[in-house]
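Please open the model in your viewer and keep the sequence panel beside it, since this tour moves from one selection to the next.

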Amino acid sequence: MGMGMGMGRMGGGGGGGWGLMRSFRRDSSVTQEQLPPGIFRRILRFAAPYKKLLSVFLVLIVVDALISAANPLIYRQIIDVGIAKKNTTVVVDLAIVVGGLALADAGITLWQRYVSARVGEGLIYDMRSKVFSHLQRMPIAFFTRTQTGALVSRLNNDVLGAQQAFTDTFSSVIGNFISVAVTLGAMLFLSWEITLIMLALLPIFLIPARWVGRRLAAITRESYNLNAVMNNTMAERFNVSGALLVKIFGQTGRETSTFDRRAGRVRDIGVTQAMYTAVFMASLLLTASLATAVVYGWGGVLAVHGVLLIGTVVALTSYLNRLYGPLTALSNVQVDVMTALVSFDRVFEVLDLPPMIADKPDAVELPRGPATIEFDHVDFSYPRAEEVSLASLEAVAVLDQAPSQQVLHDVSFRAESGQLVALVGPSGAGKTTISHLVPRLYDVRSGAVRIHGIDVRDVTLDSIHQVVAVVTQDAHLFHESIRDNLLYAKPDATDSELTEALRAAQILPLVESLPDGLDTVVGDRGYRLSGGEKQRVAIARLLLKAPDIVVLDEATAHLDSESELAVQQALRIALAGRTSLVIAHRLSTIREADLILVVDGGRIVERGTHQQLLDAGGLYAELYMTQFAGQEENAQGPSQVAMPTGER
């Protein structure tokens, strides 16, 4: 009876032998981690909203442990006072007590699970919301450096690890400590000699468990790494771009072979883990069985000679199986606690990284209406790694320490309200960088960028995003419906407003021809639409936003002639009456610009109208004549010579 009753509680906190094994699989090297000072205070502040629930949780753990410890003493009384003395009243009464305690224990277990879920899920919600909100405020430079998978891991694995500090580690440590204290006290009271022998048998399980734990931690870490690599491979190969690349280069066999090799290693690790697990559980059961044999053997002899009562032997056996699990778990408590603390630290690490671009405390709202853009002696270099990133999010040991090269040098110009200002120049000249400074994706190193005469660093980011809209050469659409992609610009837009925006963007007939119309899902990154169609949907989204300033980053660079013509017609409507900063790929498209800025080496080397720059005979004239000559050759057969594109 003692053996059967005890194994259910082995491991404390309801975790059983499997919970113990999970603990020993954790990487013991975590104990070498250096945690920042004050992390306990931060954790307590984070858990402050749940202090009442945590107090209830603690009380329930204590009561549960006491109820479990009381049962063997009741069994002892049933046997020694009831059965041995043929006192049916005692047997029945104590049996009713055992049943009542079982009902109470079941109710407490359910209550404990409810409180645990409330605290755990609440912490997950709080931390995920804080981390997600914080990451949304990070500058674009942060996302150009960090690995997407690392960010997702912080939101999932580390948040769950931190949550388990309260709902798993906390309950396990407290429950096991109370269970060991009560059980040892009761066993010493019943028979201190047998209790000491039972403790001496503990290394029979603990030594193999330690060895198995180290091996399990190593192969588990390898398994996690392999699974992460396979997940990354699947994410890259299963998106449209990756699948297309594999098909184009005919590497299907190679990809399958590589994946099979990694999956095979995961399979082999799974078999090894199963065998180590079997050794672990066998050691646990062997120890319990040997200890039970000793108790029944020695205790039975003592009972025969009248030194111990039969009920005492049964109670000792029952306590025995409640002792080894919690004692073993407490022997590994440092690893459990440090694992939870490291998860918290990794979450706090992200929350402590300040957004490089943020609103000033006294930031003002940028007014709406006809707007001017002014660059006043702007110098710029891209932020260094330590300014925007974390080594752990880039999967490197140390962040890149190389100094950032200056990209823009003393850039000054002014775009008046309603003007179209074009940026032209060779690849890497700095055109895209200039366009990124207007919506404040980056901050200048010196000088100033002004809208409405106000430095963009002095206004709120929300108001900038209302005033400025950007259309890039690769318009991004979410894997959602056309309606959802449009509503991203104006969530409260009506169907008539959506229709009007699509009509102005020259894309309404196509949308109406689709089986689901506005509710058609565009596919991953918009791959169900052609490049020109995506651009026109993006322009419709821009029209819904109704900005005062439009930034176009080579919006027609990769389109065929027919698509380019449709997009240009849509752009004429989108730009009408708005101040526009346009990066030009084909110089023929910006002949009518109010001002053309020729950028080379991060400097504005020429400025003027199309005709003025042609007459000057400088870099613009050279670029224009190269394209014009290419178009002449194209008309005779050879392919058109296009100006190089790209930035930085």
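## First stop: two helices side by side

Begin by selecting α4 and α5, which run roughly antiparallel to each other, because an angle over 145 degrees counts as such. Helix α4 covers residues 51-83 and helix α5 covers residues 88-136, and the two pack at an angle of about 160° with their axes 9 Å apart. Two packed helices are described in just this way, by the angle between their axes and the distance between the axes. The crossing of α4 and α5 is left-handed, and the residues that make up their contact divide into 25 nonpolar, six polar and three charged. As you look, keep in mind that this is a predicted model.

Stay with this pair and select Gly82, which has its place in helix α4. Is Gly82 buried or exposed? With a relative accessible area of 1%, Gly82 is buried, because anything under 20% counts as buried. If you leave aside the neighbours within four places in sequence, Gly82 is in contact with Gln77, Asn87, Val90 and Val91. Now add Asp93 to the selection: Gly82 and Asp93 are 11 residues apart in sequence, and their C-alpha atoms are 9.6 Å apart in space.

Move next to Ala95, which is found in helix α5. Ala95 has a relative accessibility of 42% and therefore counts as partly exposed. Select Tyr75 as well, and you will have two residues that are 20 apart in sequence, with a distance of 8.7 Å from C-alpha to C-alpha.

## Second stop: helix α8 and its two partners

Select helix α8, residues 192-200, together with helix α11, residues 252-304. Their axes come within 10 Å and cross at roughly 160°, so α8 and α11 are roughly antiparallel to each other. The crossing of α8 and α11 is right-handed. Which residues meet here? From α8 there are Glu193, Ile194, Ile197 and Met198, and they meet Ala291, Val294, Val295, Trp298, Gly299 and Leu302 of α11. By class, the contact of α8 with α11 divides into eight nonpolar residues, one polar and one charged.

Keep α8 selected and replace α11 with helix α12, residues 310-331, which packs with α8 at an angle of about 35°, the axes being 11 Å apart. The crossing of α8 and α12 is right-handed. Here Ile194, Met198 and Leu199 in α8 meet Leu316, Leu320, Leu323, Tyr324 and Leu327 in α12, and the contact has eight nonpolar residues, with no polar and no charged ones.

Now look along the axis of α8 and colour its buried residues, which are Ile194, Thr195 and Met198. These three cover an arc of only 105° around the axis, which puts them on the same side of α8. An α-helix has 3.6 residues a turn, so residues three or four places apart point the same way. On the other side of α8 you can pick out Trp192 and Ala200, which are exposed.

## Third stop: helix α18

Go on to helix α18, residues 495-504, and select its buried residues, Leu498, Ala501, Leu502 and Ala504. They cover an arc of only 165° around the axis, which puts them on the same side of α18. Following α18 you come to Gln506, whose phi is positive, near 65°.

## Fourth stop: two strand residues

Most residues other than glycine have a negative phi, and most peptide bonds are trans. With that in mind, select His377 in strand β1, residues 373-381. His377 has a positive phi of about 50° although it is not a glycine, and at 47% relative accessibility it counts as partly exposed.

Then select Asp410, which lies in strand β2, residues 406-415. Its phi is near 50°, again a positive value in a residue other than glycine, and Asp410 is partly exposed, with a relative accessible area of 47%.

## Last stop: the whole protein

Finally, clear the selection and show the complete model, in which there are 23 helices and 10 strands. Of the 648 residues of the protein, 48% count as buried. How much of the contact comes from residues 24 or more positions apart? They account for 81% of the contacts in the protein with a separation of 6 or more.

Key:
Residues numbered from 1 in each chain as written. Predicted model: local features only at pLDDT ≥ 70, side-chain atom pairs only at ≥ 80, totals over all residues. Heavy atoms only, no water. Axes fitted to C-alpha atoms, helices over the stretch in contact; angles between N-to-C directions. Helix = DSSP H or I, 4+ residues; strand = E, 2+ residues; numbered from the N terminus. Parallel < 35°, antiparallel > 145°, perpendicular 65-115°, else oblique. Left-handed = near helix turned anticlockwise from the far one by under 90°. Nonpolar A, V, L, I, M, F, W, Y, C, P; charged D, E, K, R; others polar. Buried < 20%, exposed > 50% of the residue type's maximum accessible area, 1.4 Å probe, protein only. Contact = heavy atoms within 4.5 Å. Arc of directions from axis to C-beta.
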